[in-house]
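Welcome, and please load the model in your viewer. We will go from stop to stop, with something to select at each one.

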Amino acid sequence: MGSEPRVLMVASEGMPFVKTGGLADVVGALPKALAALGVDVRVMLPKHQQVKEQYQDVLDTVATATVHLGWREKYLGVQRLSHEGVEYYFIDNEDYFSGPVYRGGDLENEQYLFFCKAVCEALSHIDFAPDVLHLNDWHTGMIPMLLKTQYQSEAARTLFTIHNIQFQGKMGFPVMRDMLSIPDYYYTPEYVEADGCANMMKAALVFCDKISTVSPNYAHEIMNAYFGLGMEGILSARAHDVVGILNGIDMDEFDPAFEKGLAAQFSECDLRGKQSCKRALRAQFSLGGSPHAPIIAMVSRLTRQKGFDLVRYAMEELLTTADVRFVLLGSGDKEYEDFFNYIAGKYPGRAGTYIGYDEGLAHQIYAGADFFLMPSQFEPCGLAQMIAQRYGTLPIVRETGGLVDTVAPYNRFTGEGTGFGFATFNAHDMMAAVRLALAVYQDKATMRKLRRNAMGLDNSFEKSAEQYRALFRSMV
Ligand code: ADP
C-alpha cells in the first residue's frame, strides 16, 4: 500500500456533487474504484452552487487565501469533505462558481482560468502532496503550464485526460495573458496558440507529462484532423505519451436485477422481467399496436455529435416502413427538440418524446427498450451504449471512437455480437443497420443470445481503474 501513488484528480464536475455529462460519471466512479485498489486518491472540484446548497453544513474550511489574477485579487477558499471513503476538496469563490457550471463564452473561460490558478495555489494549502495530478478536460488545461513556468514545481507529475476534444477553451490571447500573466512568447504554435486563438487544451497537451483519452480507438482517431480538431499535430508529435483507457459504468447504479424503480427486475439468466419493463415503457409513452413490436430508444444530449442529423433524415422512413416503436429522452439543441416533438405529434402511438433530463426515466427506457440507437459522428467513449447492454438492450451504433471498443457488431455468419454497427456517417447506412437489427429481432433464439452476450459484458470501472493505476505507477 505504501508504494501506491498519491493522486489528486481535478475536474470541473463530478458525481454525486454536480453533473452535466459523462465527465461527472467518470469523476464519480474512478476514485472509488482506485481507492478500492489501495490508491490514495483525492478529488478537487469547483464549489458550484449545487454543492453549496446541499453540502454547506458538512464542509470544513481548510484554508483561505488570495489568488492574484493580473491586477485582480480574488478570494480563494479551500473546503473539504469525506464522501464514501474518498476525500474531496472544493475551490470556493462565489464570483466564479455561484452561477451555472459553464457560463459560456469568455465568462466561462474566466471561470476556468481562475480555477486553474486556484488549484495551483491550493496545492500548498492542503495536507496532501500528490505524486500525480490527474487533470481532466480543458477546464484544467493551464495547470501543467502554470506549475512548470510560474511555480517551478515538478513535484507532481501531470496526466491530462481528454474526455471530449471538441471543447478546448479557446479565447483571445489577451484574456489569457491578462488573467494568468502568460508572457507573449508563449503565444506561438509550439505552446498555447492554435488556429489564431489561445487554447487551454493545447497548453495542457504541450506541458503535461502524459496524455490519456477515454478509449483506445479514440486515442488513434484524434491523431487525424477529422477527429483531432486542430490538436492532431501535438498529439501525433507526442504519440508515445498518449494512451487510451476505456471508461466503465457503475455496475451497481445500473443493475436490472436489483433496481426498485423498474416495473420488474430481470437478469441474464431470467429475462422475463424485461417484458414487464417493456409493457410499462409502452404505457408511459402511450405506444399502441402490437405489444411485440420492437422499441428503438435514444437517451442523449440533443447535439450534432450524437448523430441526430442522420436520425432526423431517416425517422419518417423508419416509422412508416417498419413495424417499430421509437422513444426519445433528451434535451439540448432546439432544432432537435422541435423535431422530436413534431414526430411525437405526427405519429402518436408510434413515437414518444420526452424533452428533459430524468435519470429515473432513463433507467426505465434502458430496461424496457429492445434497441438503443447511437449513430454518433464522433464518440470519445460513450457510456450510454454500455448502460444499454447492461439491460440487454442492443445498441445500434456508428463504429467510431469508444463505440468500436465496446460494441461487437452482430456477425451474420457466426451469429455472434453484442449489438449492431455501421461504419460510414450516412443515414442510409444507419438504416441498413437498423433493418438488420429488426430482422434479427424476429429470430427469438438469436435475440436471446445477443441480449445475454451484452448483459454478460464486464463494463465495470474496476478494469479501467487497474489501467489507471498502472499508468500512475509508471509516471512516478
Ligand atoms: P455524453 O457524456 O457525451 O453526453 P455518454 O454516453 O458518455 O454521453 O453519457 C451520457 C450519460 O448521460 C448517460 O449516463 C446517459 O444515460 C445520461 N443522459 C443523457 N441524456 C439524459 C437525459 N435527458 N436524461 C437522463 N439521463 C441522460
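Before the first selection, a word on angles: axes are lines fitted to C-alpha atoms, for helices over the stretch in contact, and the angles between N-to-C directions run from 0 to 180 degrees. Keep in mind throughout that this is a predicted model.

**Stop 1: α1 and α19**

Select residues 22-36, which form helix α1, together with residues 461-475, which form helix α19. Their axes come within 9 Å and cross at roughly 70°. Angles of 65 to 115 degrees count as roughly perpendicular, so α1 and α19 are roughly perpendicular to each other. Now show side chains: on the α1 side, Val26, Ala29, Leu30, Ala33 and Leu34 make the contact, and on the α19 side they meet Phe461, Ala465, Tyr468, Arg469 and Phe472. Sorted by class, this contact has nine nonpolar residues, no polar ones and one charged.

**Stop 2: a loop before α1**

Step back to proline 16, in the loop between β1 (6-10) and α1. Look at the peptide bond that joins methionine 15 to proline 16: the bond is cis, with omega near 0°.

**Stop 3: another loop**

Next, pick serine 181, located in the loop between α6 (173-180) and β9 (193-194). What is the sign of phi at serine 181? Phi is positive there, about 55°, although serine 181 is not a glycine.

**Stop 4: the two domains**

Time to colour by domain. The domain assignment gives domain 1 as 6-248 + 461-475 and domain 2 as 272-455. Computed from nothing but C-alpha atoms, the two domain centres are separated by 33 Å. At the interface, 17 residues of domain 1 touch 17 residues of domain 2. Between them the domains bury about 1300 Å², with 60% of that area on carbon and sulfur atoms. Which three residues supply more than any other three of the area that domain 1 buries? Select Asn217, Tyr226 and Leu246, which supply 26% of the area that domain 1 buries against domain 2.

**Stop 5: α12 and α17**

Select helix α12 (residues 308-321) and helix α17 (residues 427-441). These helices pack at an angle of about 40°, with their axes 9 Å apart, and α12 and α17 are therefore oblique to each other. Their crossing is right-handed. Show Leu310, Val311, Tyr313, Ala314, Glu317, Leu318 and Thr321 in α12; facing them in α17 are Ala427, His428, Met430, Met431, Val434, Arg435 and Leu438. The classes in this contact are ten nonpolar, two polar and two charged residues.

**Stop 6: α12 and α13**

Keep α12 selected and add helix α13 (residues 334-346), which packs against α12 at an angle of about 10° with the axes 11 Å apart. That angle makes α12 roughly parallel to α13. In α12, the residues to show are Phe308, Asp309, Val311, Arg312, Met315, Glu316 and Leu319, and they meet Glu335, Tyr336, Phe339, Phe340, Tyr342, Ile343 and Lys346 in α13. This contact has nine nonpolar, no polar and five charged residues.

Key
Residues are numbered from 1 along each chain as its sequence is written. This is a predicted model: local features need pLDDT of at least 70, side-chain atom pairs count only at pLDDT 80 or more; totals for chains, interfaces and linings use all residues. Side-chain values use heavy atoms; hydrogens and water are left out. Helices (H or I, at least four residues) and strands (E, at least two) are DSSP runs, numbered from the N terminus. Angles under 35 degrees count as roughly parallel, over 145 as roughly antiparallel, 65 to 115 as roughly perpendicular and the rest as oblique. A crossing is left-handed if the near helix is turned anticlockwise from the far one by less than a right angle, and right-handed if clockwise. Contact means heavy atoms within 4.5 Å. Ala, Val, Leu, Ile, Met, Phe, Trp, Tyr, Cys and Pro count as nonpolar, Asp, Glu, Lys and Arg as charged, and the others, Gly among them, as polar. Domain bounds come from an automatic or database domain assignment. Buried area is the accessible area (1.4 Å probe) that two parts lose on being put together, summed over both.
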